[in-house]
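Please open the model in your viewer and keep the sequence panel beside it. The stops below say what to select next and what is found there.

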Amino acid sequence: MAITITINGEAHALDVEPDTPLLWAIRETAGLTGTKFGCGISACGACTVHLNGRAVRSCTLPVSLAEGGTVTTIEGLASGGMLHKVQQAWIAHQVPQCGYCQSGIIMAVTALLEQHPHPSDEEIDATITNICRCGTFVRVRRAIHAVAES
Ligand code: FES
Ligand code: FES
């Protein structure tokens, strides 16, 4: 049975089992591989996407819970040929190292800034709990503040 989800503004009828994690529906069925697999247990945040405007860890979320919903992935952040201001800050502040965790972090950060345009360090620490094995946390925080002040 197809599960219909709007991903990055486009309706997708995904032929997947209802308990398939949203991550695999996005990557393997919809073919959008910008969202990454890290741990599979909701611990690292590499798989973060927006579901109806909220950041979710898609590796443990059954695709059936997203049925009829709106998903945004890293591929859908830029618009009109312009990178999102968070993506621009990531480049300006040279945040990524290997880059593997960064699409998840960027999705978590964009959701945070939608809710809290000027987050404190405490709010950043409490919300951006994504794991980066390259240790980019200081640059992540610096880039978030730069976006907040822009
Ligand atoms: S892969 Fe989903 S939280 Fe790590
Ligand atoms: S940039 Fe390498 S894991 Fe985060």
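Two salt bridges are present in this predicted model, a salt bridge being a side-chain nitrogen of Lys or Arg within 4 Å of a carboxyl oxygen of Asp or Glu. Residues are numbered from 1 along each chain as its sequence is written, while chains are lettered from A and ligands numbered from 1 in the order in which they are written. Because the model is predicted, local features need pLDDT of at least 70 and side-chain atom pairs count only at pLDDT 80 or more, whereas totals for chains, interfaces and linings use all residues, and side-chain values use heavy atoms, with hydrogens and water left out.

Select Asp121 and Arg141 to begin, and look for the salt bridge between them, in which the closest N and O atoms are 3.4 Å apart. This pair joins distant parts of the chain, since Asp121 belongs to helix H4 (residues 121–127) and Arg141 to helix H5 (residues 137–149), 20 residues apart; helices here are DSSP runs of H or I with at least four residues, strands are runs of E with at least two, and both are numbered from the N terminus.

Now add Asp125 to the selection, where the side chain meets that of Arg141 in a salt bridge of 2.7 Å, N to O. Arg141 lies in helix H5 and Asp125 in helix H4, so this pair ties together parts that are 16 residues apart in sequence. With the three residues shown together, you can see Asp121, Asp125 and Arg141 linked in a network of salt bridges.

Turn on the surface next, and ask how accessible Asp125 is. Asp125 is partly exposed at 47% relative accessibility, where buried means under 20% relative accessible area, exposed over 50%, and partly exposed in between (1.4 Å probe, protein chains only). Arg141 is also partly exposed, with a relative accessible area of 27%.

Move on to strands S3 (48–51) and S4 (residues 54–57), which pair in the antiparallel sense over four bridges, two strands being paired if DSSP finds at least two bridges between them. Pick Val49 there, and its bridge partner in S4 is Val56. Between the strands of this hairpin are two residues, and Asn52 takes a positive phi near 50°.

Most residues other than glycine have a negative phi. For another exception, select Ser42, which has a positive phi of about 65° and sits in the loop between helix H1 (22–29) and strand S3. Finish at Gln94, whose phi is near 50°, in the loop between helix H2 (85–92) and helix H3 (102–115); Gln94 is exposed, with a relative accessible area of 51%.
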